[in-house]
Amino acid sequence: MSPNLSIVSNGKKFMWDGQLYATKEEASQAEETYRKDNFEVQSLEQEQKFVLYTRRVAKEIVAPL
């Protein structure tokens, strides 16, 4: 199984976190951790595995002078 590297949901691009979760509970624990780190998370079930897609908007962009 090879999930898509990214998905678009509601006009927002999410990137796969690179992990395959065997159970809904494992995926939920990882999702909670991402949310605590201020990520938006989308979870999907594919071929009896769970995958997470995440995104985080940069709060401040610092460009060198």
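This is a short walk through one protein chain, from its overall build to single residues.

The model is predicted: local features need pLDDT of at least 70, side-chain atom pairs count only at pLDDT 80 or more, and totals for chains, interfaces and linings use all residues. Residues are numbered from 1 along each chain as its sequence is written, and side-chain values use heavy atoms, with hydrogens and water left out.

Start with the elements. The protein chain has one helix and four strands. Read from the N terminus, their order is β-β-α-β-β. These elements are DSSP runs, numbered from the N terminus: helices are H or I runs of at least four residues, and strands are E runs of at least two.

Next, the overall dimensions. The C-alpha trace spans about 50 × 20 × 20 Å along its principal axes. The radius of gyration of the protein chain is 13 Å, while a compact globule of 65 residues would come near 11 Å. That radius is taken over C-alpha atoms, and the globule rule is 2.2 Å times the number of residues to the power 0.38.

Now the surface. About 5100 Å² of the protein chain is exposed, and carbon and sulfur atoms supply 47% of that area. Accessible areas come from the Shrake-Rupley method with a 1.4 Å probe; for residues, only the protein chains shown count as cover. Of the 65 residues, 23% are buried. Buried means under 20% relative accessible area, exposed means over 50%, and partly exposed lies in between (1.4 Å probe, protein chains only).

Charges come next. The protein chain has 9 positive and 10 negative charges, and their mean positions are 6 Å apart. Lys and Arg count as positive, Asp and Glu as negative; His and the chain ends are not counted. Each charge is placed at NZ of Lys, CZ of Arg, CG of Asp or CD of Glu.

How do distant parts of the sequence meet? Take the contacts with a separation of 6 or more: residues 24 or more positions apart account for 48% of them. A contact means heavy atoms within 4.5 Å.

Now follow the chain itself. Strand β1 covers residues 6-9, and Ser9 is found in it. Is Ser9 buried or exposed? Ser9 has a relative accessible area of 17%, so it is buried. Leaving aside neighbours within four places in sequence, Ser9 is in contact with Phe14 and Gln42.

Asn10 lies in the loop between β1 and β2, the latter being residues 12-16. Its relative accessibility is 77%, so Asn10 counts as exposed. The backbone has a point to notice here. Most residues other than glycine have a negative phi. Asn10 is not a glycine, yet has a positive phi of about 55°.

The loop between β2 and α1 comes next. Leu20 lies in this loop. Leu20 is partly exposed, with a relative accessible area of 38%. Its C-alpha atom is 8.9 Å from that of Pro3, and the two residues are 17 residues apart along the chain. Thr23 is also in the loop between β2 and α1. At 30% relative accessibility, Thr23 counts as partly exposed. Thr23 and Gln42 are 19 residues apart in sequence, and their C-alpha atoms are 15 Å apart.

Then comes the helix. Glu32 sits in helix α1. Its relative accessible area is 48%, so Glu32 is partly exposed. Glu32 and Glu60 are 28 residues apart in sequence and 24 Å apart in space, C-alpha to C-alpha.

After the helix, look at the loop between α1 (24-36) and β3 (40-46), where Asn38 lies. Asn38 has a relative accessible area of 53%, so it is exposed. Asn38 has a positive phi of about 65°, although it is not a glycine.

Phe39 is in the loop between α1 and β3 too. At 21% relative accessibility, Phe39 counts as partly exposed. Which residues does Phe39 touch, not counting those up to four places away in sequence? They are Tyr34, Thr54, Arg55 and Arg56. The C-alpha atoms of Phe39 and Pro64 are separated by 26 Å, with their positions 25 residues apart along the chain.

Finish with the rings. A search of the whole structure finds one aromatic pair. The rings of Tyr34 and Phe39 have centres 5.5 Å apart and planes at 70°, so the pair is edge-to-face. Rings of Phe, Tyr and Trp (its six-membered ring) pair if their centres lie within 6.5 Å; planes under 30 degrees apart count as stacked, over 60 as edge-to-face and the rest as tilted. Tyr34 is partly exposed, with a relative accessible area of 22%.
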